Structure formats: structure tokens, C-alpha cells
Amino acid sequence: MRGHLTGRTSSSSTSSTSTSMAKTCRKSGMEVRLPQMNAQELINTARTLVAGDKGLLAMDESTPTCNKRFARLGIPQTVEARRAYRELIVTTLGLGECISGAILYDETIRQQKKDGTPFVKAIIDAGIIPGIKVDTGAKDMAGHPGEKISEGLDGLRDRLVEYSQMGARFAKWRAVITITDGIPSRGCIEANAQALARYAALCQEAGLVSVVEPEVLMDGEHTLERCFEVTEEVLRTVFNHLYTQRVMLEGMILKPNMVLPGLTCPKQEAVDEVADATVRCLKRAVPAAVPGIAFLSGGQSGELASARLNAMNVRFKSRLPWALAFSFARAIQQPALEIWQGNEAHVLLAQQALYHRAMCNKAARRGEYNAEMEKRWV
Ligand code: 13P
């Protein structure tokens, strides 16, 4: 690990030590100094993000995705509505008890509360580490009908400097892999894995922890076994590329899907079977140097996502090299969004719903979540 850092440092134009690196890059014709990259700091941040029983809150829906979710509930699709919703989230009392890091979107990281307080400051004041989504979306992949490649590498070095100056301490990149007949192709898996690795290397150079998110989608009729097979191949490929691109595994978080049957597969395995398959798959493909695995929810209900994470921690926690945490968007936010519906008068109740889901997932990290917790809320 040190060798990689030292190797990169020695080729940089500035002075360095074995654990720190300073570089410059050009932005708008100006020399901008990249933040000092300190390996120990990266490791500490990565560990903090998955420490104890907390997890990440993904609130980084792109504008089109956020608008789509608003439209379904009849909420106006305006900048102000998106800002108000994000203010609801970041001002939820006690959120920092369950959430270690919040992933923002480019629009959101630049916004403020109504009283003018920047969201980044509100998040830090709540004891939460701010992060930022940096891919620019999954686009149709040339020559690969039905498959996507995530874009956003061009100009990423400069964007990371800006986000870091705004207070972000970690970044996220999502790749999406679809399962259907003859898909995913090797070409799609390789291209996405390489992009994830190049993004992760740039993050570490800029002093940001990388949250590496290769998402095998739940959509489709495929079986749990097929999801296992694809997830294993994807993760093995991603870690090969992370190694090739000299990414320090101790300074990153993996954000994978759980191993699940497709949404329309007639056979839906029980919670414990999903937990077993997911952990078995991760053990095959994820090196022990990675400090934590923070699952995406991917369209599971909030209750199922909590129950499955809980089962993994109940059955395996003491025997795993990495922490098993969460980095949910829908599985934390959905009930709150449905209660809020764009109505100021519903903010408090929506915040209680958000806090409740965050608390359920905190309990799931300890292996102490149960269905009773849901009744207490209803
Ligand atoms: P979901 O938990 O809703 O899948 O979202 C996680 C995420 O960050 C998607 O990129």
C-alpha cells in the first residue's frame, strides 16, 4: 500500500513524504493546489464512516431521479422543492446518532437552509461527514445494447478539488450492471470496473475516501443464484482494476448490492438465505483490507433491507474482516418523502419517519433489529 503511494508521490513534481502527497492541477487557467493527501487521514475517515453501528445516508439523487420521485407523489419538480426536501433531511434531530456520512449531489452541496446556513455546515454540525456523488450518470454503452457505462472521468480531478474545498471528505461513483439474457457482457463489466478504479485513484489523490458502488440491479426475473454469479464476477473484476490502478484498499468503502433474486423471480428466498448468499459472495471477492461494506438498498422495502442487513450481522458479524453497514437512499428516505409530499406542515412527521428508518438500520448493524421496531412507529 505504502509502495503504491510512494510510487505515485515520487513521480509528482512536489516534495513528499511516504504518507503525504501534494500536487497541483490547472483550473480555469489558475494553478490550484490539491489538498495534502494523507494516507492515514484517508484510512481514519474510511474507518469512521463504518465505525460502530452507524451507516451512510445516500441523499445524492440526481435532479432527474429526484424529480421522478417527486412527480410520482405530485410534488413540484423545482429547485426550491428539492432544496426544501434536503433541508428536511439535514435538519432531522438526532440523525447523527445513526448516520456517519451523507452523500450529496452537486446541486445539494451548493445549497443552504432557509436561514442561509450551508447544508455542508448543517451536516458537519450534526456530527455527520459530508460526501458527494461524482459520476455524471449511467449512459447507454456503445456496441452493448441494454447495458450502461457510467461517465464523469473527464475533468474529475478538478471537480474533486472543488468538492474537497467545499468540505466533502468522501466521494461516490455508481456503476450499474443489468442482468438479462446474455447480459451482462464482459465488455460492460470491464469498462465499468476500470472507470470505478480510475475514479477511486483520483479520489485518493485528492484526499477523499472513495465509495465504490458497482450495483447489480434487482430488476428482472433472474434467480438468486444468477445474481450471486454476476455479483461475484463484477466484484472480482472491480478489485482487479482497483489493484491495477493502485487504489489503497484501506482508504475506500465498497457499496455493493445484496445478493437477491430478481424482483419478478417467482422464487423469493427467505431473509436468512439472502444473508448467507450475500456474505458467501462477498467473502470470495472482497479483500480483508477493505474496512467496510455499506450496502445500497436498490429498491428493496425499508423493512426488508433492515431485516437482511440484520441477519448478516447476527449470523456473521464476529467472523468477518470488514464491517457490514448501510448506505441506503430509498430504504431510509421513502416513508419520509411519502409523508412530506411537499407540505411544510408535514415536515416534523416526515423527519420522525426518517429518523425511525435510520434507527432501524443502526439496530440492524448491531444485529438487534426486529419486526417489533416497526410496530412502535406505526
Ligand atoms: P438506494 O439505496 O435507493 O438503492 O440508493 C443508493 C444509492 O446511492 C444509489 O446510487
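These entries record what I looked up about the pockets of this structure, which is a predicted model.

**Largest pocket**

I began with the volume of the largest pocket, which comes to about 950 Å³. Turning to its walls, I found that 41 residues line the largest pocket, and that Ser62, Thr65, Arg69, Arg174 and Arg330 are the ones that lie nearest its centre. I then listed the elements that give two or more residues to this lining: the helices α3 (63–72), α7 (156–166) and α12 (330–340), together with the strands β9 (148–150), β10 (170–177), β11 (209–216) and β14 (323–328). Of the contributors to the lining of the largest pocket, α3 has the largest share, with five residues. Sorting the lining of the largest pocket by class, I noted 18 charged residues, 13 nonpolar residues and 10 polar residues.

**Second largest pocket**

I next looked up the second largest pocket, for which the volume is about 250 Å³. Its lining is made up of 16 residues, and those that lie nearest the centre are Arg83, Ala84, Trp340, Glu344 and Val347. Here the elements that give two or more residues to the lining are the helices α4 (79–90) and α13 (347–366). I recorded α4 as the source of the largest share of the lining of the second largest pocket, namely six residues. By class, I entered seven nonpolar, five charged and four polar residues for the lining of the second largest pocket.

How values were computed:
Residues are numbered from 1 along each chain as its sequence is written. This is a predicted model: local features need pLDDT of at least 70, side-chain atom pairs count only at pLDDT 80 or more; totals for chains, interfaces and linings use all residues. Side-chain values use heavy atoms; hydrogens and water are left out. On a 1 Å grid over the protein atoms alone, a cavity is a set of points where a 1.4 Å probe fits but cannot get out, and a pocket is an open set with protein on both sides within 12 Å along at least five of seven lines; lining residues have an atom within 4 Å of a point. Grid points are joined across faces, edges and corners, and a volume is the space filled by probe spheres set on the points. Helices (H or I, at least four residues) and strands (E, at least two) are DSSP runs, numbered from the N terminus. Ala, Val, Leu, Ile, Met, Phe, Trp, Tyr, Cys and Pro count as nonpolar, Asp, Glu, Lys and Arg as charged, and the others, Gly among them, as polar.
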